[in-house]
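Reader: I should like to examine how the descriptive terms applied to this model follow from the values behind them. Please take the terms one at a time.

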Amino acid sequence: MSQAAAIEAKNLDLTFETGDGAIQALRDVTLEMRKGEFVSFIGPSGCGKTTFLRVVAGLETPTGGEVRVNGMSPDEARRDRAYGYVFQEAGLYPWRTIAGNVRLPLEIMGYSRSEMADRVNRVLELVELSGFENKHPWQLSGGMQQRASIARALAFDADILLMDEPFGALDEIVRDHLNEQLLGLWEHTGKTIGFVTHSIPEAVYLSTRIVVMSPRPGRIADVIDNPLPRTRPLDIRDTPEFLEVAQRIRKGLRAGHSYGD
Amino acid sequence: MNRILPILVVLAAILALWYAAVVPMNAGWTIAQAQRAGHELTFLDVVADTMSQDRPRLPAPHQVAAELKKTVLDTKVTSKRSLVFHGWITLQSTLWGFALGTTVGIGMAVSIVYSKTANMSLMPWAIISQTIPIVAIAPMIIVVLATLGVEGRTVPKAIISAYLCFFPVLVSMVKGLRSPGAMQIDLMKTYSANAGQTFWKLRLPASVPYLFTSLKVGIAAALVGTIVGELPTGAIQGLGARILIGDQFGNPLMIWSALIAAACLAGALVSIVAVLQSLALQRMGYAR
């Protein structure tokens, strides 16, 4: 296994036993994510994109195959603080201020008081939330709450960021803005990002690589290298290159569907 | 003002109903007395008399008010005739029972949330415990404690009070401790948080709004428990004892004034908890 790989999955299988029988959430998923890559996972519901991310995070245990994160098992990687996880909901604690929420993982991991204060300031600046330290979550908009949750995932310097449809519940305008910010943040920090999304434009705009998945059983239908340059203004979405990638994703999604039914 | 007006309207309606009930409830005695004495009574005579009997079946509100004034304001608080004195006795047991019941309720809730065994064994008994009439259990608790050498009535009354008070706290706290969703639990897992950290940083703070709601029910239940604990136990002090003695000596004014005092006490206790609740939730940032 190569050194530069942040995440390596080999022949990953995951079957859930349910009341209605077994459901195969992942079948034979093999994928390598290199350090510093921005990989989007796109596909219809039930295609296993979220499940894959959860397996990488050690929140689900695969029933077959192997996954390595920074060369370690998911559990070891988690204890090594290899990744930060951003969920679809911001999930900020209403009883904590914004700074208190960002401080939560640091408290659990046992950072010193001064170190915590430094880090909280730094990551809040990174997501452009300086000045909101003492606000409570309900005083912030949905987009700002999601930014705070990204800051929370960044606070302990994990070099991998796993994001499960983080902007799925936000409106288009806020989403555009956050996409731009996220791209800047990725460029600035050099993190490896795994990003689950439903949105084709979002996947094309953000990623260096796009993994198209199809459902029943969840598997990889296509892996697309994104030819767009790293620096991407929002209006790059009107260029022919952009539309070409989008079209290829759409084709991959359609193929997956007809195969599944 | 907007909050007080509905309360005043309901209060006025209760008073009106009360006054309306006084006449038919007490008229029998008035008419019988008049017949015996050979008097003729007009309707207004009857009404006037029903409002001012010494031992009415149903005392009129102003009579109860006068009795309350006499026993609360005009009597020294150290006197055995003072309702403040009896209220204090009841309040002490209520607070002990409340503290005990809350502690037991929270403790059981934590064990139920964290242990499948406790969930399956404790919860059914907690529910069954509430189906047994407290008046049936109260004398037994007193007999058992007396056998164990516990002197006085404060402890048994507190236990009876806690018996009623723990249940709402238990149910709410189980719900509150379980309120964090799967995502919140997963988030803690991604930090490799241990069980203690998940409890102190997530489950416990998340349960606080549930706790305060149940404390309001709990403190009222604790007061009811204490009063019930004073009824069948031969107590001679406390609001429950006043109700019992008033009943035994055919003194409805005594019963009704003790009842009103108990209601005021319950209202005050619930209000205090409500104030603490809003202060705590505001401090925690829940308030908008």
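Author: Let us begin with confidence. This is a predicted model; chain B averages a pLDDT of 90, and 98% of its residues score at least 70. For the complex, the predictor gives an ipTM of 0.88 and a pTM of 0.84.

Reader: How do you know that β1 and β2 of chain A pair, and in which sense do they run?

Author: Two strands count as paired if DSSP finds at least two bridges between them. Strand β1 (residues 5-18) and strand β2 (residues 21-34) of chain A are joined over ten bridges, in the antiparallel sense. The criterion is therefore met. One of the bridges sets A:Thr18 against its partner A:Gly21 in β2(A). With two residues between them, β1(A) and β2(A) form a hairpin.

Reader: What makes β1 and β4 of chain A partners?

Author: The same test is applied here. Five bridges link β1(A) and β4(A), again in the antiparallel sense, and at least two are required, so the strands are counted as a pair. A:Glu8 has A:Arg68 in β4(A) as its bridge partner.

Reader: Why are β2 and β4 of chain A said to stand at the edges?

Author: The three strands form an open antiparallel sheet in the order β2-β1-β4 of chain A. β2 and β4 (64-69) each have a single partner strand, so one side of each is left without a neighbour in the sheet. On average, neighbouring strands of this sheet are turned by 20 degrees against each other, direction ignored.

Reader: Which strands of chain A make up the sheet of six, and what is its pairing called?

Author: The order is β5-β6-β7-β3-β8-β9 in chain A; the sheet is open and its pairing is mixed. β5 and β9 of chain A are the edge strands, each pairing on one side only. Here the average turn between neighbouring strands is 15 degrees, direction ignored.

Reader: How do you know that β6 and β7 of chain A are paired, and how do they run?

Author: Strand β6 (residues 160-164) and strand β7 (residues 192-197) of chain A are joined by five bridges and run parallel. Since at least two bridges suffice, the two strands qualify as a pair because the count reaches that cut-off. Within this pair, A:Asp164 stands opposite A:Val196 in β7(A).

Reader: What makes A:Arg81 and A:Pro217 worth noting in the backbone?

Author: Most residues other than glycine have a negative phi, and most peptide bonds are trans. A:Arg81 is not a glycine, yet has a positive phi of about 55 degrees; A:Arg81 lies in the loop between α2 (74-79) and β5 (83-86) of chain A. The peptide bond from A:Arg216 to A:Pro217 is cis, with omega near -5 degrees. A:Pro217 is found in the loop between β8 (209-214) and β9 (219-225) of chain A.

Reader: Turning to chain B, why is α7 described as roughly antiparallel to α9?

Author: Helix α7 (residues 154-177) and helix α9 (residues 195-230) of chain B pack at an angle of about 155 degrees, their axes 7 Å apart. Angles over 145 degrees count as roughly antiparallel, so α7(B) is assigned to that class with respect to α9(B). The crossing of these two helices is right-handed. Their contact comprises 18 nonpolar, ten polar and four charged residues.

Reader: At what angle and distance does α4 of chain B meet α7(B)?

Author: The axes of helix α4 (residues 83-114) of chain B and α7(B) cross at roughly 35 degrees and come within 5 Å. α4(B) passes α7(B) in a right-handed crossing. By class, this contact has 19 nonpolar, nine polar and one charged residues.

Reader: How is chain B divided into domains, and what separates their centres?

Author: Chain B is divided into domain 1 (4-58) and domain 2 (83-284). The centres of these two domains of chain B, taken over C-alpha atoms, are separated by 39 Å.

Terms used. Residues numbered from 1 in each chain as written. Chains lettered and ligands numbered in written order. Predicted model: local features only at pLDDT ≥ 70, side-chain atom pairs only at ≥ 80, totals over all residues. Helix = DSSP H or I, 4+ residues; strand = E, 2+ residues; numbered from the N terminus. Axes fitted to C-alpha atoms, helices over the stretch in contact; angles between N-to-C directions. Parallel < 35°, antiparallel > 145°, perpendicular 65-115°, else oblique. Left-handed = near helix turned anticlockwise from the far one by under 90°. Nonpolar A, V, L, I, M, F, W, Y, C, P; charged D, E, K, R; others polar. pLDDT = per-residue confidence, 0-100. Domains from an automatic or database assignment.
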